[in-house]
Amino acid sequence: MSDNIPATASTDPASVITGASILLDQVSKRYPGQAKAAVDGLTMEIPAGKIVMLVGPSGCGKTTTLKMINRLIEPTEGRIVLDGDDVTGINGDDLRRRIGYVIQAGGLFPHMTVATNIAIVPKMLGWSKDRVAARVDELLELVSLDPAQYRDRFPRELSGGQQQRVGVARALAADPPVLLMDEPFGAVDPITRVRLQDELISIQKELQKTIVCVTHDFDEAVKLGDWIAIFTEGAQLVQYDTPERILAEPANEFVENFIGAGAGLKQLTLTRVNEVELQSAVTASPGDLSSDVLSRLDQQGHDHAVIIDGRNRPLQWLSRRQLARLERIGSTRDPRLPVVGERATLNDALDIMLVSSVGAALVTGGRDSFRGVVDVETIMVAMSQAHARARTSHAEGKPVGINTGALTALDGPHDGTAPLRSADRGAGGE
Amino acid sequence: MIEYVSSRFGQILFASWQHFSLVVQSLILATVLAVVIAALVYRSPALTAVANSVSATGLTIPGFALVGLLIPLFGFGVAPAVIVVVFFAVLPILRNAVVGLTGIDGAVIESARGVGLSRFQTFRRVELPMAWPVILAGVRVSAQMVMGIAAITAYALGPGLGGFIFTGLARLGGANALESVATGIIAVIILAVVLDLLLVGLGRLTIPRGIRV
């Protein structure tokens, strides 16, 4: 009966990348009458099918950078290359119809219904009525809104979170390879924000678009981003790397300050429970003799036994002392059982451990079935491994990101090797 | 009074219809003009300020004087009447159109441009419909105002109910003079109420439910 349940990493079905790569090639934006450029000679590669987060303090030029990708703001110098095509010279409206755009609070047209809002781009592209209607319903389902209920509503009849969802649906309407988001979750309450972020992650898993997202919230960047670009004034790219590496190896003091306190705790949010090696546990069923269970505990050298029901769901978690007091194991469910889902982050797991004061938590997978035990040591080991990996890895496929003639800006206490290395590789990807 | 009206009922009805027709056609022309002017100026703060001061000071010109000034240029008849009515009708609509267009949330326009609407499409499909309730409120103000101004144009022998008022005033003290003036005034008031109701109905039909207050 003693099952050694292996920690299985969830394997996603191989999904097709529908996104397109973007290259900003020595792009600058100068406004007349301003001495300093808003964006100064930025070269940045955005890999296809990834989420790239642009973060930085207010007025650092991150939003200007974003808006130059769809040429809402025309660059003064430089080229924008989308999927290998130079789009700097083409008609801006045509370009924007090929790129989804989401702004804070959705930016919905208040005089149009949800369906009309979503249909606006497909209609401009000349889709047939039936195709547009089918697409609207498909997209509403994608963003978890019931089409029958929400199709004919007006934006003011929706909550902030729902408006934001419709905004995302509208941006995805014509199935663009690239999605640009400008502080998309800035205007919703924290609970809704977390839910929308989770939904964006799952939508991205399904669609594999290239998403460029501006935020000033570093935690959001860590949560959503495959890559994070940290900017300082004049859109000077300070560090462009994976969340893991930015947390483990901040390029300089500016990045450290921007990350803020608790870089270690933020690391915990990057790893999910199903990515770490779980401890096995002795399991037993209600009705088993406790003496049998105790002897199995002796054999395995464990101190606790997990009682599971017929469908493998954990009911109780009994210590040797508790077992010794029982003759047979009962079938009641302990409501205070420290249980964590395998998709939860290590941060959530640690939180549950701290609250339950057991120093460990039971991990459940699909249909709440028992998978194993995660304890504080497991988390410590996982963290030190992640840290070591982040320090030593050279970030396979790391995209280029640099400002021309601005190498001095990268100087810092940590010698800034990461960004400089990308400079050596040259502005590839053309 | 009743006798006066019943003996001239056909004539009054015809004059009322002409008056109404003059006002409605002038309003349509004025709305188009005002929206076009507003569309040309609302993106420039300087031009917007000019438009606002013109629409404010224009209203201080006495209507009667303007009619008199136009007679030497355009002669008697319909032409000076239409010009005067349109001129005064444009002013409140222009003011409201500028307010309506400049008051639209920049985020909405940005997202319209962001999803690929051209400058003109953004105006026609987003900005104009969103400003429409405010523009229509201006049209209602205009309609009330120019009902009275249209009566003054009878001085230039224009069409409408003004004729009753002017002939009555010219023969004040004579037989049926007061009745003539009263008929003109009451008919103008009735027309004004009818037109206002029609404009409210137009609002119901043309303002999308999403922005109806």
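This report covers the chain B fold, the chain A domains and the nonpolar cores of a predicted model.

## Chain B: fold and dimensions

Chain B is built from helices. There are nine of them, and zero strands. Read from the N terminus, the order is α-α-α-α-α-α-α-α-α.

Along the principal axes, the C-alpha atoms of chain B fill a box of roughly 70 × 40 × 20 Å. The chain has 213 residues, and 39% of them are buried. Contacts in chain B often link distant parts of the sequence: of those with a separation of 6 or more, 74% join residues 24 or more positions apart.

## Chain A: two domains

Chain A is divided into two domains. Domain 1 takes in two segments, 22-262 and 397-424. Domain 2 covers 276-384. The C-alpha centres of these two domains of chain A lie 42 Å apart.

## The nonpolar cores

The largest nonpolar core holds 138 residues. Six of its members touch the most other members. From chain A these are Met53(A), Leu54(A) and Ala229(A). From chain B they are Val23(B), Val85(B) and Ala97(B).

Val23(B) shows how such a position is packed. Leaving out residues up to four places away in sequence, Val23(B) touches Val85(B), Ala143(B), Val146(B), Met147(B), Ala150(B) and Leu195(B). Val85(B) thus appears both as a neighbour of Val23(B) and among the core members with the most contacts to other members.

Another core lies apart from the largest one. This core has 28 residues, including Ala305(A), Ile329(A), Val340(A) and Val373(A).

Terms used. Residues numbered from 1 in each chain as written. Chains lettered and ligands numbered in written order. Predicted model: local features only at pLDDT ≥ 70, side-chain atom pairs only at ≥ 80, totals over all residues. Core = buried A, V, L, I, M, F, W, Y, C linked by C-beta atoms within 7 Å. Buried ≥ 20, exposed ≤ 12 C-beta atoms within 10 Å, placed from the backbone. Contact = placed C-beta atoms within 7 Å. Helix = DSSP H or I, 4+ residues; strand = E, 2+ residues; numbered from the N terminus. Domains from an automatic or database assignment.
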